[in-house]
Structures are given as C-alpha cells and as structure tokens.
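Dear colleague,

I am handing over the structure below, and after it I set out what was found in the parts I looked at. Please read the notes alongside the coordinates.

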Amino acid sequence: MEGNRSRRAGRFDAAASLAARALPNALTPWIEQARLDATMIIDRTSGKTPAPLVDDIEAPPPLSEVDPLNVLPRGIADKVRAVRRDVQMLRDRLILGKNPPPVIERPRGAAGAVVSLPRKTPNMTRPVKVVRVVRETNDAVSIYLTEADGSALEFQPGQFLSVDVTIDGERLRRAYSLASACLPDVPVHVTVKRIEDGRVSNHLNDTIQEGDELSVLGPSGNFTVEPREVNERHLVMIAGGSGITPIMSILETVLRLEAGSRVTLIYGNRGWDDVIFRDRLASLSDEFQGRLLVDHVLERPPESWSEGTGLLSGDVLEARLETLGIEDDGLIRYFVCGPTPMMEAAHEALQRRGVDANRIAEERFTSPEARSGDVGSDKIELVVISQAGHDHGIQVEPGQTILEAALAAGIDMPFSCAMGGCGACRVRRAEGEVQMAEPNCLSRAEREQGYVLTCVGRPLMQSKIEVEGV
Ligand code: FES
C-alpha cells in the first residue's frame with residue numbers, strides 16, 4: 001500500500017490511525033480530512049505535485065486499513081506485531097475456543113471432516129543406511145543400520161522399526177524389532193525372519209545388501225524396560241522363533257547394565273538350525289554364568305538332546321518352569337513374544353501359576369498374510385474421533401479401516417506398521433462397536449479395557465473413539 005508515497009506520509013497515516021482508534025468515532029471524519037490535507041502538504045514539500053488526474057500518485061489507503069504500529073520504527077513495529085499476533089492466537093484458542101487456521105493447506109476429506117494441522121509428524125518415514133548384513137540362519141538375516149548421516153540410531157531395548165518397502169509397485173510396511181543391546185557403540189540391527197508367503201520378509205532376506213537404503217519409521221513400542229544400575233530383579237523371558245528379537249535386546253541390555261539382575265530365557269524353535277542368535281546366546285551364557293540361564297525347547301531336537309522338547313505349549317512351558325526350579329515369588333517380571341498360539345498358551349500357563357497379568361509384558365507381531373478376511377459394516381458408518389479435546393466426524397466406507405478414513409480426511413492419527421502388528425494406532429472405543437481383523441497385536445488386557453486398533457479396525461455401527469496421549 002505504501003507504493004511511491006513517502007515514508008513520512010506513511011508515518012502520518014499511522015499516527016492518524018492511532019488517533020482514530022483512541023478518540024470517539026464521531027471525530028474520525030475530521031481526522032481523515034486532516035490526514036488527507038496533511039498528506040498533500042507532505043507530498044508538495046517533498047517535490048511531488050499531487051494532481052487528482054495523475055495516475056502514478058496513489059490515493060492514501062482507507063484509515064481503517066492503516067496499522068497504527070507504522071508510527072514506530074520498522075524493527076520495533078515488527079516485534080510488537082509478533083507479540084500482538086501471539087496474544088490474538090492465545091485469546092482465540094483459550095478464550096474463544098477457536099483453532100488458528102492452518103498455515104499449510106491439507107486436502108479435505110471426502111466426508112468433509114474437520115482438517116487440522118499435524119500436531120507432530122510421527123508418520124513420516126526417513127531413510128537409514130544398511131551398513132552390514134549378517135545371515136543368522138537359512139531363514140533369518142540381521143540388517144545393521146545407521147541414520148543416513150552415519151550417526152547411531154537411538155532406541156529403547158525391545159522397541160521396533162517399521163520398515164517401508166515398495167514391492168512390484170505396492171507400498172508395504174512391516175515392523176521389525178531392534179535386536180541389539182541398547183548401549184553406546186553397539187551396532188544397531190533388526191533381524192528379519194522369513195515368513196511363509198511373507199512378501200516383505202522374503203524380499204528383505206533375498207535382496208538386502210550392504211550400502212542399500214531403507215525407509216523406516218520409529219523406533220516405537222512399549223515392550224521395553226528401563227534399565228537401572230541399582231536394579232536387582234529376575235526376568236523370565238519366553239520366546240518363540242523370531243519372537244526372540246526384542247527379547248534379545250532387553251536381555252543383553254539388562255545383563256550388561258544391571259549387575260544385580262538375572263534372566264531366565266525359555267526359547268522355543270522347530271529345530272537346532274532354526275535357533276536365531278544361537279552363538280550369541282551361548283557366549284552370553286558363558287559371560288554371565290549364574291545370571292543368565294538359557295533353556296532351548298525344540299520341536300525336532302537332534303539326537304542326544306537333553307533340554308526341552310516339543311511345541312512350546314502351556315503344558316511344556318509349565319514343565320520347563322518346574323524343571324528349571326522357577327517359583328513365582330510375586331516379583332518376577334515375564335516377557336513373552338512369539339506366534340499368537342504360543343503367546344496365548346504362555347499367558348494361560350502363567351496365570352494358572354498365579355502370575356498377575358500386570359507382570360506379563362507381551363509383544364505380538366502379526367503378518368497381514370496370516371490375517372482373517374474383511375470385517376466391518378457393509379454400509380457407510382459415522383465415526384467420531386476425539387483427539388486433544390476436539391471431536392472430528394468422519395465417514396468410514398465399507399472395506400475401509402478407521403485409520404484409512406481418518407488419514408483421508410486429513411486427521412493426524414498415530415500409527416506405524418499399519419498392519420495390526422505394533423499397537424501404535426491403539427485408541428479407546430468410547431461408544432459403538434469396532435471389529436478388528438485377527439490376529440493382531442492387541443493383548444487380552446487391552447481388549448478388556450476397550451482398546452482397538454484403527455489400522456485393522458472397522459466400525460460395525462456409529463462409533464466414537466478416543467486418541468490418548470495427545
Ligand atoms: S499401526 Fe501398528 S498396529 Fe496399527
């Protein structure tokens with residue numbers, strides 16, 4: 001608006017604007033006239049001849065559009081404007097309950113749902129570098145990773161990364177646990193076991209090479225411990241197959257950081273050659289004699305096998321606990337990770353021994369390839385998503401998950417694996433009914449508390465869910 005009008009005129013406009021705001025409205029026409037007269041005088045004294053028909057002389061802006069802060073030097077005025085903007089935003093949000101308009105345009109969903117700015121960017125993948133690849137067994141490969149700039153990946157023992165790959169043009173995401181000890185200078189790796197018909201696990205086992213780049217998200221997950229030097233505890237860990245990966249990270253971290261703690265691991269596999277981390281477990285057993293007891297249970301043991309045999313069922317687990325002389329003293333913490341039937345059996349066996357559910361930590365990873373068919377309503381259902389004190393209404397089409405519908409509507413939802421395997425999208429169902437594809441990683445206790453996973457959850461009727469921890 002300033003155009004070629006002089007800076008002095010601009011200041012005079014601002015002073016007039018300030019006066020118009022401070023004095024009674026009845027005086028505004030007088031102030032306006034005085035400003036126009038003064039502007040002519042200013043222009044004349046600065047050598048301009050303001051004739052009404054000269055095109056290159058701009059008319060002064062209406063007084064209502066002049067910012068009175070222009071009366072101040074520019075640097076100070078800018079600072080005062082910033083403070084004024086912040087105060088207005090706070091007033092809008094706290095007193096009037098209005099959200100500021102988005103600075104970034106986001107697509108409006110088909111259902112015309114409320115569009116809000118992302119509160120964080122948890123769903124953004126990032127590239128990491130593959131610095132080493134180690135074949136652990138015929139069916140499992142460890143992939144050592146650093147951040148793209150070569151720095152170490154940070155995580156907590158037991159957490160996982162969600163790996164995003166594109167296979168035959170289709171983008172797929174799977175969760176893999178970080179299996180390394182969580183210690184400075186220890187190289188960080190995920191270990192990926194082939195799953196029959198598992199597209200990503202087979203792809204990674206067959207193709208991954210040192211120097212490759214992977215797209216990941218995370219680390220995430222609550223199946224973890226907080227090691228403390230002063231701890232003196234007994235952890236009993238029960239793993240089946242690739243369920244060893246998060247357990248390995250917790251086990252080694254605890255042994256190295258908590259000199260007064262001990263670990264018993266009961267580890268089920270099909271055969272001796274299927275045992276992931278066989279050598280690493282043997283050398284840790286040597287190093288931590290008296291503090292680490294590893295008990296292998298094999299379905300197809302080699303000749304002269306003296307440890308556990310059979311599928312790691314509830315009965316077999318109870319027998320192993322008896323043989324190892326493990327009495328539950330009410331303080332032991334149990335960590336269970338493996339195939340769903342094994343986990344169910346372990347949970348029941350532990351409860352039969354009187355172990356309270358809150359001392360049993362469980363991590364379930366499921367593959368979409370092993371999941372039951374489509375569920376949910378055959379008509380469009382309304383779902384209200386309650387998040388950070390705001391309700392967003394969305395429409396979920398038949399066949400769509402709640403997560404898909406919410407993301408399409410521009411709502412920033414927590415998620416990671418998008419396949420029911422990690423629990424990152426867990427929300428509480430407040431009303432209605434949500435059906436989930438099974439199996440998924442939600443524990444029995446979580447289901448009883450009313451939690452559902454939006455990435456595999458579809459509404460059966462009008463429902464309301466609450467996103468926690470926002
Ligand atoms: S995003 Fe992992 S379970 Fe839903």
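**What was found**

In strand β2, Ala140 is the bridge partner of Thr137. That pair belongs to a hairpin, formed by β1 and β2 with 2 residues between them, and the two strands, β1 over residues 126-137 and β2 over residues 140-147, run antiparallel and are joined by 8 bridges. Strand β2 also pairs in the antiparallel sense with β5 (residues 188-193), over 6 bridges, and there Tyr144 stands opposite His189 of β5.

Before going further I should say that this is a predicted model, with a mean pLDDT of 80 for the protein and 71% of its residues at 70 or more. Over residues 1-6 the pLDDT is below 50, and this stretch has 11 contacts in the model beyond near neighbours in sequence. Residues 89-122 likewise stay under 50 in pLDDT, and for them the model has 38 contacts beyond four places in sequence. Where pLDDT is low, the predicted coordinates should not be read in detail, so I would ask you to treat the contacts of both stretches with that caution.

Turning to another sheet, the model has an open one of 5 strands, in the order β14-β13-β19-β15-β17 and with mixed pairing. Its edge strands are β14 (390-396) and β17 (451-453), each of which pairs on one side only, and neighbouring strands of this sheet are turned by 35° against each other on average, direction ignored. Within this order, β13 (residues 381-387) and β19 (residues 463-467) run parallel and are joined by 5 bridges, with Ser463 in β19 as the bridge partner of Val383.

The last element is helix α8, which covers residues 340-352, has 13 residues and reaches 18 Å from its first C-alpha to its last, close to the 18 Å expected at 1.5 Å a residue. Which residues of α8 are buried? They are Met342, Met343, Ala345, Ala346, His347, Ala349 and Leu350. An α-helix has 3.6 residues a turn, so residues three or four places apart point the same way, which may help when you follow the buried positions along the helix. As for what the buried residues of α8 pack against, the elements are the strands β7 (234-240), β8 (262-269), β11 (333-337) and β12 (360-363), together with the helices α7 (314-323) and α10 (444-448). After α8 comes Gly354, whose phi is positive, near 90°.

With kind regards

Notes. Residues numbered from 1 in each chain as written. Predicted model: local features only at pLDDT ≥ 70, side-chain atom pairs only at ≥ 80, totals over all residues. Helix = DSSP H or I, 4+ residues; strand = E, 2+ residues; numbered from the N terminus. Expected span 1.5 Å × (residues − 1). Buried ≥ 20, exposed ≤ 12 C-beta atoms within 10 Å, placed from the backbone. Contact = placed C-beta atoms within 7 Å. Pairing = 2+ DSSP bridges. Axes fitted to C-alpha atoms, helices over the stretch in contact; angles between N-to-C directions. pLDDT = per-residue confidence, 0-100.
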